[in-house]
Amino acid sequence: MKEIFLCAINNILSGTCQEDCKFCTQSVRYHADIKRYTYKSIDQIVSEAVLAKENGALGYCLVTAGKGLDDKKVDYVARAAQAIKVEVEGLNLIACNGTATKEQLTYLKDHGIDSYNHNLETSERYYAEICQTHAWSERYETCENVRSVGLALCSGGIFGMGETAEDRDSLLTSIASLSPESTPLNFYHPNPALPIKTRNIEFDEALEVIKKARMLLGEDKLLMVAGGRELLFNNKEHNMFDAGANAIVIGDYLTTDGMSPSKDRHMLEKLGYKVATSCHPTDA
Ligand code: SF4
């Protein structure tokens, strides 16, 4: 029976970013109507991790808004990771904190982080169209740093931000060149406050993206349908699993609501899938 991996996200520092990524409600430049806060308490993060584990999550991602890590953030994420490891057994801890040096990543690894998420977002060519405050090459370099310190790499992107079919292929090839252990595929969720107004990808094209990603990444990797799943695959989840996806995000995303975890577990059961209990795909 095919196993599906569940991953939960905790936005532990939200909506305070000075960068200009045109797809991101967490940029302060676009005044999107989202919750903004700094440094959620460690106690709250731990209780939310307990709940995620009870809901079947194997992966637990600690996300901070902002371009990258600084000393304060590294210390905070490391303390959160240590506290979770003491209280919750069996969660694969992922940090997602933007640009990171090898030293910062090593510190996180030494304090309980298992994996680092940094998405390439879109093709190298199209990146300058969606972000002017930092370069695609910086993103690629952080991913290389992740690999070089021995953390598992989680890297993917967002589809439907106005890119061409060639950009999609180029993004997938770049992701595959990093050999990430897991790859989140996000499908753009428009928000009226953001400069990118519409999503230029529909169901069939999204399935093609999943199929190509699976082919390029190999059978033994985690391929996750993350943001935008509800917009494109509601009640058609079997199509995305048939195309090669073997992981989903449960609960809410960074700034948008997801399905309730119990609804997702029910959906998986109905479709005949098992919720994975170990991070190593057996029948992907
Ligand atoms: S750097 Fe990250 S948090 Fe900041 S605007 Fe870009 S995607 Fe959003």
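Q: What makes certain residues count as lying around the ligand, and which residues are they?
A: In this predicted model, a residue counts as near a molecule if its C-beta atom, placed from the backbone, lies within 6 Å of it. The residues around the ligand are Cys17, Glu19, Cys21, Cys24, Gln26, Ser27, Ala65, Gly66, Lys67 and Gly98.

Q: How do you know how the shell around the ligand divides into nonpolar, polar and charged residues?
A: Cys and Ala count as nonpolar, Glu and Lys as charged, and the others, Gly among them, as polar. The shell therefore divides into 4 nonpolar, 4 polar and 2 charged residues.

Q: Why is His31 called exposed?
A: A residue is exposed if 12 or fewer other C-beta atoms lie within 10 Å of its own. His31 has 9 C-beta neighbours inside 10 Å, and therefore it counts as exposed. The place of His31 is in the loop between β1 and α1, the helix of residues 42–54.

Q: Why is Glu121 called buried?
A: For a residue to be buried, 20 or more other C-beta atoms must lie within 10 Å of its own. Glu121 has 23 C-beta neighbours inside 10 Å, so it counts as buried, and its place is in the loop between β4 (115–117) and α4 (124–130).

Q: What is the phi of His31, and what is that of Glu121?
A: Most residues other than glycine have a negative phi. His31, although it is not a glycine, has a positive phi of about 50 degrees, and Glu121, also not a glycine, has a positive phi of about 75 degrees.

Q: Why is Gly68 called partly exposed?
A: Partly exposed is the class between the limit for exposed, 12 or fewer neighbours, and the limit for buried, 20 or more. Gly68 has 17 C-beta neighbours inside 10 Å, so it counts as partly exposed. Gly68 is found in the loop between β2 and α2, where, leaving out residues up to four places away in sequence, it touches Asn97, Gly98, Thr99 and Ala100.

Q: Why are His111 and Ser174 called partly exposed?
A: His111 has 18 other C-beta atoms within 10 Å, so it is partly exposed. Ser174 has 19 C-beta neighbours inside 10 Å and therefore counts as partly exposed too. His111 is placed in the loop between α3 and β4, whereas Ser174 is placed in helix α6, residues 165–177.

Q: How do you know which residues are in contact with His111, and which does Ser174 touch?
A: Two residues are in contact if their C-beta atoms lie within 7 Å. Leaving aside neighbours within four places in sequence, His111 is in contact with Ala78, Ala81 and Gln82, while Ser174, with residues up to four places away not counted, touches Leu120 and Glu124. The C-alpha atoms of Ser174 and Leu120, 54 residues apart along the chain, are separated by 8.1 Å.

Q: How do you know what span to expect of helix α2?
A: The expected span is 1.5 Å times one less than the number of residues in the helix. Helix α2 (residues 71–87) has 17 residues, for which 24 Å is expected, and it reaches 25 Å from its first C-alpha to its last, which is close to that value.

Q: What puts the buried residues of α2 on the same side?
A: The buried residues of α2 are Lys73, Val74, Tyr76, Val77, Ala80, Ala81 and Ile84. They cover an arc of only 165 degrees around the axis, and therefore they lie on the same side of α2. The face turned away from this buried side carries the exposed residues Asp71, Lys72 and Val86. The buried residues of α2 pack against β1, α1, β2 (59–64), β3 (92–96) and α3 (102–110).

Q: Which residues of α5 are buried, and what covers them?
A: In α5, Trp136, Arg139, Thr142, Cys143, Asn145 and Val146 are buried, and what covers them includes α3, β4, α4 and β5 (152–154).

Q: Which members of the largest nonpolar core touch the most other members?
A: Of the 81 residues in this core, Cys7, Ala57, Tyr60, Leu62, Tyr116, Met224 and Ala247 touch the most other members. The largest share of the core, 8 residues, comes from strand β1, residues 3–13.

Notes
Residues are numbered from 1 along each chain as its sequence is written. This is a predicted model: local features need pLDDT of at least 70, side-chain atom pairs count only at pLDDT 80 or more; totals for chains, interfaces and linings use all residues. A nonpolar core is a set of buried Ala, Val, Leu, Ile, Met, Phe, Trp, Tyr and Cys residues joined through C-beta atoms within 7 Å. Helices (H or I, at least four residues) and strands (E, at least two) are DSSP runs, numbered from the N terminus. The arc is that of the directions from the helix axis to the C-beta atoms.
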